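User: I have a chain open and would like to talk through its fold and a few side chains. Can you take me through it?
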Amino acid sequence: MTRIRRSPAARLAAAILPLAAAAALAAPLPAGAAEPHHTVVPADTVRWGAAPPSLPPGAQAAVLLGSPAKEGPFVLRLRFPDGFTIPPHRHSKDEFVTVIAGGFAVAAGDRLDPKARALPAGSFVHLPAGMPHFARAVGETVVQVNGTGPFDVTYLDPADDPRKRTN
């Protein structure tokens with residue numbers, strides 16, 4: 001067996017390098033920096049409340065992460081009663097929708113299409129920024145919307161915008 005001889009500098013580097021790496025990993029974050037963390041939301045802790053006023057009355061919402069109204073990523077669950085309809089609208093940012101339960105008839109277009117096929121639970125749809133689309137719940141439906149805020153809703157027909165209605 002041949003023994004490799006290391007120089008004193010190589011032996012010192014071999015001893016110090018692991019210690020330096022461990023110290024760097026254990027060092028506190030700079031002042032003002034947030035510690036990285038993950039978010040876990042068990043299903044039985046989801047808190048439902050009123051949906052954003054940009055949706056017609058009758059929907060419920062639960063924010064799981066972030067805020068659709070603020071800069072940055074968000075995750076929003078929406079629960080709709082059977083037949084709930086979101087008239088044609090668009091967003092200035094991409095929308096990513098996963099059907100959690102029920103059926104969600106969503107399609108591109110500037111007019112409601114009663115023949116739009118309902119996507120079953122487990123389905124996914126990506127709606128690019130600016131693309132007019134509409135949706136309808138088939139049965140009680142839960143969808144999850146992922147996106148980047150601030151997230152807006154602009155109805156193609158201003159008369160469809162629930163924020164502009166007076167009761």
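Analyst: What follows goes from the overall layout to strand pairing, then to rings and polar side chains. This is a predicted model, in which local features need pLDDT of at least 70 and side-chain atom pairs count only at pLDDT 80 or more, while totals for chains, interfaces and linings use all residues. Residues are numbered from 1 along each chain as its sequence is written, and side-chain values use heavy atoms, with hydrogens and water left out.

User: OK, how many helices and strands are there?
Analyst: The chain has 1 helix and 9 strands, and along the sequence they follow the pattern α-β-β-β-β-β-β-β-β-β. Helices (H or I, at least four residues) and strands (E, at least two) are DSSP runs, numbered from the N terminus.

User: And what share of the 167 residues is buried?
Analyst: Buried residues make up 30% of the 167, where buried means under 20% relative accessible area, exposed means over 50%, and partly exposed lies in between, with a 1.4 Å probe and protein chains only. The accessible surface of the chain is about 10900 Å², with 60% of that belonging to carbon and sulfur atoms; these areas come from the Shrake-Rupley method with a 1.4 Å probe, and for residues only the protein chains shown count as cover.

User: What about contacts between residues 24 or more positions apart?
Analyst: Among contacts in the chain with a separation of 6 or more, residues 24 or more positions apart account for 67%, a contact being heavy atoms within 4.5 Å.

User: Let's move to the strands. Which way does β2 run against β3?
Analyst: Strand β2 (residues 60-65) and strand β3 (residues 72-80) run antiparallel and are joined by 5 bridges, two strands being paired if DSSP finds at least two bridges between them. Leu65 stands opposite Val75 in β3, and in the hairpin of β2 and β3, with 6 residues between the strands, Gly66 takes a positive phi near 65 degrees.

User: How many bridges join β3 to β8?
Analyst: There are 9 bridges between β3 and β8, which run antiparallel, and Phe74 stands opposite Gly147 in β8.

User: Switching to rings, why does the pair Phe80 and Phe84 count as stacked?
Analyst: The count of aromatic pairs is 3, using rings of Phe, Tyr and Trp (its six-membered ring) with centres within 6.5 Å, where planes under 30 degrees apart are stacked, over 60 edge-to-face and the rest tilted. The Phe80 and Phe84 rings have their centres 4.8 Å apart and their planes at 15 degrees, so the pair is stacked. Phe80 is buried at 1% relative accessibility, Phe84 is buried at 7%, and Phe80, Phe84 and Phe104 form one aromatic cluster.

User: Where does Arg79 lie relative to Trp48?
Analyst: Arg79 lies over the face of Trp48, at 4.2 Å from the ring centre; a charge sits over a ring if NZ of Lys or CZ of Arg is within 6 Å of the ring centre and within 35 degrees of the ring normal.

User: Back to β8: is Gln144 buried or exposed?
Analyst: Gln144, in strand β8 (residues 133-149), counts as buried at 15% relative accessibility. The Gln144 side chain makes polar contacts with the side chains of Arg77 (2.6 Å) and Asn146 (3.5 Å). A polar contact is a pair of N or O atoms within 3.5 Å; within protein, one must be able to donate a hydrogen and the other to accept it, and residues adjacent in sequence count only if both atoms are side-chain atoms.
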